[in-house]
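Here is a short, friendly tour to read alongside the sequence and the coordinates. We begin with strand pairing and then move on to the whole chain and a few individual residues.

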Amino acid sequence: MHNPLFLVLTAIFSSLVLRPVIGAKGFSVELIHRDSPISPFYNASLTSSQILRKNALHSMDRLKLFQSLIDQSAIQSAVTPNGGIYLMHLSFGTPPVEYMAVADTGSDLIWIQCVPCPQSQCYPQGSPPFDPQASSTYKMIPCGSDSCQALPRYQCSNDVNDCQYSYSYGDKSFTRGILSTDTITFDDSNGQKTAFPTSIFGCGHNNLGKFRSPSAGLVGLGGGPLSLVSQISTQIDHRFSYCLVPLSASSSSKLLFGQEAIISRPGAVSTPLVSKTPQTYYYLSLEGVSIGDKTAQAGSNQGNIIIDSGTTLTYLESSFYSSLETIVNDAIGADPVQSPSESFSLCYGSETNINVPEMVFHFSGADLRLQPVNTFANFDDNLVCMLIAPTPSDTPLSIFGNLAQINLQVEYDLEKRTVSFVPTDCTNQ
């Protein structure tokens with residue numbers, strides 16, 4: 001169950017956000033993987049193997065940050081800004097000004113760079129920062145408000161009754177500024193515009209670290225009260241979903257809200273969301289993983305794994321992983337070879353023509369079948385490596401990463417507190 005403060009804040013934010021005009025089916029926006037061919041970050045000189053290795057290194061960093069923040073009862077956000085995996089477009093203000101931002105299920109606060117933004121205190125983003133004075137609907141949030149007090153860290157100025165936020169990230173990056181409200185507008189992938197007046201966001205005037213142009217900020221999609229999905233929850237029927245395309249695809253992934261997010265095709269399986277601290281993260285219960293008639297059992301399974309779109313690999317607690325690796329080796333029947341990097345624990349020579357087995361992840365009430373594209377990858381040095389790795393011995397956390405979610409529609413029902421999966425050709429979604 002959510003704590004009383006969360007329920008009160010969610011009700012307050014729902015009343016603040018005026019009901020926008022949303023089509024009967026809801027709306028959807030494009031999600032662009034940072035390293036896809038259609039991304040502004042795309043580096044054509046990198047091979048697919050080099051891209052995967054780079055993302056795998058970011059994954060381990062993110063895993064460690066998640067664990068440290070859980071251990072510390074978090075006053076930081078867990079995302080590594082330089083490792084933001086997915087990007088989205090959205091507009092701020094009236095008239096609307098469009099920006100690109102990192103979309104992250106492991107964070108809550110929405111923020112963008114704002115004027116004044118001196119060069120010594122802000123990173124170059126490739127376009128002018130948002131100018132609050134140019135928007136007729138911009139307002140600062142009072143320091144004594146409930147939304148200000150929902151921040152992990154804030155302070156009040158002596159002369160102006162504004163709410164000054166300070167968000168630190170695990171890699172020492174930070175954003176500081178004024179908590180504000182304004183209209184946030186999305187361009188639907190079908191060409192329609194959907195506007196949410198008086199949305200709460202951080203207007204950042206001091207933002208330094210590993211943030212990178214052309215991203216102007218971050219959109220938190222986590223479970224906390226300041227996240228986008230929590231703020232607009234009643235307008236989107238308390239549900240959103242995404243469908244992630246393979247990294248090599250020349251089309252974008254989709255982030256869907258409201259009725260459009262509902263899984264309508266047969267074959268869906270659903271598992272409960274487990275409420276834990278920090279409430280930012282989406283916790284599921286994984287009971288085991290099987291191949292054929294052999295199953296690796298999780299040591300504990302109540303809320304033992306975080307589902308996260310910002311982590312590339314899937315990580316299992318070390319003893320759980322060891323059991324899985326044993327049955328994978330038995331199923332493949334070939335001798336493992338040296339991994340190309342410390343990010344991958346189990347690799348085989350591709351010249352042996354191994355037959356990658358189907359894995360079934362047994363979530364509570366949901367048996368999810370994963371295809372080879374979700375669990376193994378070919379490398380350009382004649383290797384095939386498993387996309388599941390063990391956590392360090394001092395890190396009991398497990399994460400269900402984005403490669404495991406490719407070509408699945410993943411629906412979050414925040415009212416029923418469930419996550420549902422169904423196999424989908426996301427390139428044609």
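## A four-stranded open sheet

Strands β16 (residues 286-291) and β21 (residues 359-363) are joined by 4 bridges and run antiparallel. One pair to look for is Leu-286, whose bridge partner in β21 is Phe-363. Please keep in mind throughout that this is a predicted model.

Both strands belong to an open sheet of 4 strands, ordered β17-β16-β21-β22 and paired in the antiparallel sense. At its edges stand β17 (294-297) and β22 (366-370), each of which pairs on one side only. If direction is ignored, neighbouring strands of this sheet are turned by 25 degrees against each other on average.

## A three-stranded open sheet and its helix

Another open sheet has 3 strands, in the order β20-β24-β23, again with antiparallel pairing. Its edge strands are β20 (347-349) and β23 (376-379); each has a single partner strand, so one side of each lacks a neighbour in the sheet. From one strand to the next, the twist averages 25 degrees.

How many bridges join β23 to β24? There are 4, and the two strands, the latter covering residues 383-386, run antiparallel. Within this pairing, Ala-377 has Cys-385 of β24 as its bridge partner. Helix α5 (residues 318-332) packs on the sheet and touches β20, β23 and β24. The direction of α5 makes about 20 degrees with that of β20.

## The chain as a whole

Stepping back, the protein chain contains 6 helices and 28 strands. Its C-alpha trace spans about 70 × 45 × 45 Å along the principal axes. What radius of gyration would a compact globule of 429 residues have, and what does this chain have? The expected value is near 22 Å, and the protein chain has 21 Å, so the two agree.

Of the 429 residues in the protein chain, 58% are buried. The accessible surface comes to about 17,100 Å², with 50% of that belonging to carbon and sulfur atoms. Sequence separation is worth a look too: among contacts between residues at least 6 apart in sequence, 69% join residues at least 24 apart.

## Asp-104 and its polar partners

Asp-104 lies in strand β4, which covers residues 97-104. Is this residue buried or exposed? Asp-104 has a relative accessible area of 2%, which is under the 20% cut-off, so it counts as buried.

The side chain of Asp-104 has a polar contact with the side chain of Arg-62, at 2.6 Å. A polar atom of the Asp-104 side chain also lies 3.2 Å from the backbone nitrogen of Gly-106. For a sense of scale, Asp-104 and Thr-137 are 33 residues apart along the chain, and their C-alpha atoms are separated by 26 Å.

## Cys-117 in its loop

Our last stop is Cys-117, found in the loop between β5 (111-113) and β6 (139-140). Which residues does Cys-117 touch, leaving aside those up to four places away in sequence? They are Cys-122, Pro-129, Gly-204, His-205 and Asn-207.

Gly-222 offers another reference point for Cys-117: the two are 105 residues apart in sequence, and 27 Å apart in space from C-alpha to C-alpha.

Definitions and conventions
Residues are numbered from 1 along each chain as its sequence is written. This is a predicted model: local features need pLDDT of at least 70, side-chain atom pairs count only at pLDDT 80 or more; totals for chains, interfaces and linings use all residues. Side-chain values use heavy atoms; hydrogens and water are left out. Two strands pair if DSSP finds at least two bridges between them. Axes are lines fitted to C-alpha atoms, for helices over the stretch in contact, and angles run from 0 to 180 degrees between N-to-C directions. Contact means heavy atoms within 4.5 Å. The radius of gyration is taken over C-alpha atoms; the globule rule is 2.2 Å times the number of residues to the power 0.38. Buried means under 20% relative accessible area, exposed over 50%, partly exposed in between (1.4 Å probe, protein chains only). Accessible areas come from the Shrake-Rupley method with a 1.4 Å probe; for residues, only the protein chains shown count as cover. A polar contact is a pair of N or O atoms within 3.5 Å; within protein, one must be able to donate a hydrogen and the other to accept it, and residues adjacent in sequence count only if both atoms are side-chain atoms.
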